[in-house]
Amino acid sequence: MENWKSLMHIFVTVFLSYFASLIVNPTIADVTMEAVCPGQDECSLAIYLTGFQQAVAGLGSVVMMPLIGTLSDTYGRKVMLTIPLTVAIIPLVILAVKRTTEFFYVYYVLKTLTAMVTEGGTVCLALGYLADNVSEEKRVSAFGLLSGVVSAATVCGTLAARLLPTSQIYQVAAVISVVAALYMRIFLKDTTRTIDPLEQPILKQGNETNEVGNEQLKTSDLLKKIPLPKDIIRLLKSSSTVSLASFVAFFNSLAEAGIQSFLMYYLKARFHFQKDQFADIWLITYISATISSMVVMPILGPLLGEETLLCMGLFAGFLNMLLDSIAWSPMVPYISAVLGIFLFLASPSIRCIISKQVGPYEQGIAQGCLMGIASFANVISPIIYSPLSALFLSDGAPFNFPGFSILCVGLAWFVGFILSTMIKILPYWSRNKVRSEPCLLA
């Protein structure tokens, strides 16, 4: 790729940010249960608290993601990136100080509120930044690399969590989170974009001419930039490809939300897994995901196309959950985790498909809407999976199938797989017969 140095800074920013947030993942189940149900291996309250947090944060993100994406189209990605990177520091500092019940509940409230912006905000804006600077032909590779950076951050974070004691994990996470925000402000250069009168965006902005860095963030301006539901619906209905990809994104996010929230509780109840076992599972999963995004996707993407990679990823997710749901040995989750090499093809493929269906000045709102769909799935997911998980892990289950809720997660991926087979990509400029501006990475 040309102009590699300008993109390296966004990759480093995302890596540091996700490392800080994901290093705590293997410990959060233990910390939560120790705070609300000390000494127990099964705890319905911990499951419901996790589900409630996910639902509230997701509901807020449904509004915040399209808003952040829209504002970044006008004011620049760097300005808006400051917000999620800064607020992400606060909850980590709380648990870095203490992990008592009182401090946990303070963390819980702050995490719920800040997650409305941080969950998806950073990657949403990073995707917009890449779309600004990468041509359509190479976008699948660029999006795959970004996904690989997130996976690599998860691998490093999980490995660090495996080696560090819990008392130090949150301190390290807080420090790295601060470094991520500072690095972005110092090194990342925003893209200056002026609107070409030949461009015809789906969501019209009037006759405004915007130049990033020349406008002030005023309250009246912010209110004018808030995307209305009709604007979002118009964007999502702009083509059959966008509509189908949006539905696939919903079911993919529904499954991802379910697995991230409830798999650890299932494995803890089923096989008595602890922090180290969780770390091993995530390590295998995200090493596979890193290979997938940084090697498999850049190679196969131009050859097979995003549609094929999307189908492969969704079906791999279904097989992963099927194996975990009927796991007969503690080794099965380790084996199924290897399917991450295909599973993690799905999300970047969806993002690339959507990116190619909109113009250069709608990348922010398009990725924001996609993150909003994912956030809405985060709202629905705990409503479905929290009661199922609590019920089938309890003594009062209607039948003996502890992994039933995990199988239901897999069915969401299977529905997405069926829908993905109907997607046909037609590039934005081919559909609209409008000249695109040159990309920095031609």
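Searching the whole of this structure, which is a predicted model, turns up three salt bridges. Here they are side by side.

| Salt bridge | Closest N to O distance |
|---|---|
| Arg77 and Asp73 | 2.9 Å |
| Asp132 and Arg77 | 2.9 Å |
| Lys356 and Glu306 | 2.8 Å |

Arg77 turns up in two of those rows, once with Asp73 and once with Asp132. Take the Asp132 pair: it links distant parts of the chain, with Asp132 sitting in helix α6 (residues 101-133) and Arg77 in helix α4 (residues 77-87), 55 residues apart. As for burial, Arg77 and Asp73 are both buried, and Asp132 is buried as well.

Then there's the pair made by Lys356 and Glu306. Lys356 is in the loop between α16 (346-355) and α17 (363-392), while Glu306 belongs to helix α13, so this bridge ties together parts that lie 50 residues apart in sequence. Are these two partners buried or exposed? Lys356 has a relative accessibility of 11%, so it counts as buried. Glu306 comes in at 5%, so it is buried too. Because some of the salt bridges share partners, Asp73, Arg77 and Asp132 end up joined in one network.

**Aromatic pairs**

Now for the rings. The structure holds eleven aromatic pairs. One of them is Phe104 with Tyr105: the ring centres are 5.5 Å apart and the planes make an angle of 70 degrees, so this pair is edge-to-face, the cut-off being over 60 degrees. Phe104 is buried, at 2% relative accessibility, whereas Tyr105 is partly exposed, at 33%.

Another pair, Phe315 with Phe417, is tilted, with 5.2 Å from centre to centre and 50 degrees between the planes. Phe315 comes from helix α13 (residues 306-325) and Phe417 from helix α18 (residues 404-420), so the pair ties together parts 102 residues apart in sequence. Back at Phe104 and Tyr105, ring pairs also bring in Tyr107 and Tyr108, linking the four into a cluster.

**A nonpolar patch on the surface**

Phe315 has a second role to look at. With a relative accessibility of 31%, it counts as partly exposed, and it belongs to a nonpolar patch on the surface. The other members are Leu319, Leu322, Leu323, Ile326, Trp328, Leu411, Phe414, Ile418 and Met422, and together the patch has about 860 Å² of accessible area.

Which elements give two or more residues to the patch? They are α13 and α18, and α13 gives the most, with four residues. Met422 is found in the loop between α18 and α19 (428-432). Its relative accessible area is 48%, so Met422 falls in the partly exposed class.

**Inside the helices**

If you'd like a residue on the buried side, have a look at Asn252 in helix α11 (residues 240-271). Its relative accessibility is 2%, so Asn252 counts as buried, the limit being under 20%. What does Asn252 touch, leaving aside its neighbours within four places in sequence? It is in contact with Leu314, Ala346, Ser347, Ile350 and Trp413.

Helix α7 (residues 136-163) is also worth a look. It has 28 residues and reaches 41 Å from its first C-alpha to its last, close to the 40 Å expected at 1.5 Å a residue. Why call α7 largely enclosed by the rest of the structure? Because 22 of its 28 residues are buried.

**The chain as a whole**

Stepping back, the chain has 19 helices and zero strands. Of its 442 residues, 58% count as buried. Look at contacts between residues at least 6 apart in sequence, and 84% of them join residues at least 24 apart. The accessible surface of the chain comes to about 18000 Å², and carbon and sulfur atoms account for 67% of that.

Terms used. Residues numbered from 1 in each chain as written. Predicted model: local features only at pLDDT ≥ 70, side-chain atom pairs only at ≥ 80, totals over all residues. Heavy atoms only, no water. Expected span 1.5 Å × (residues − 1). Buried < 20%, exposed > 50% of the residue type's maximum accessible area, 1.4 Å probe, protein only. Phe/Tyr/Trp six-rings, centres within 6.5 Å; stacked < 30°, edge-to-face > 60°. Patch = residues over 30% accessible without salt bridge, like charges linked within 9 Å, V, L, I, M, F, W, Y side chains within 5 Å. Areas by Shrake-Rupley, 256 points an atom, 1.4 Å probe, with all protein chains shown as cover. Salt bridge = Lys/Arg side-chain N within 4 Å of Asp/Glu carboxyl O. Contact = heavy atoms within 4.5 Å.
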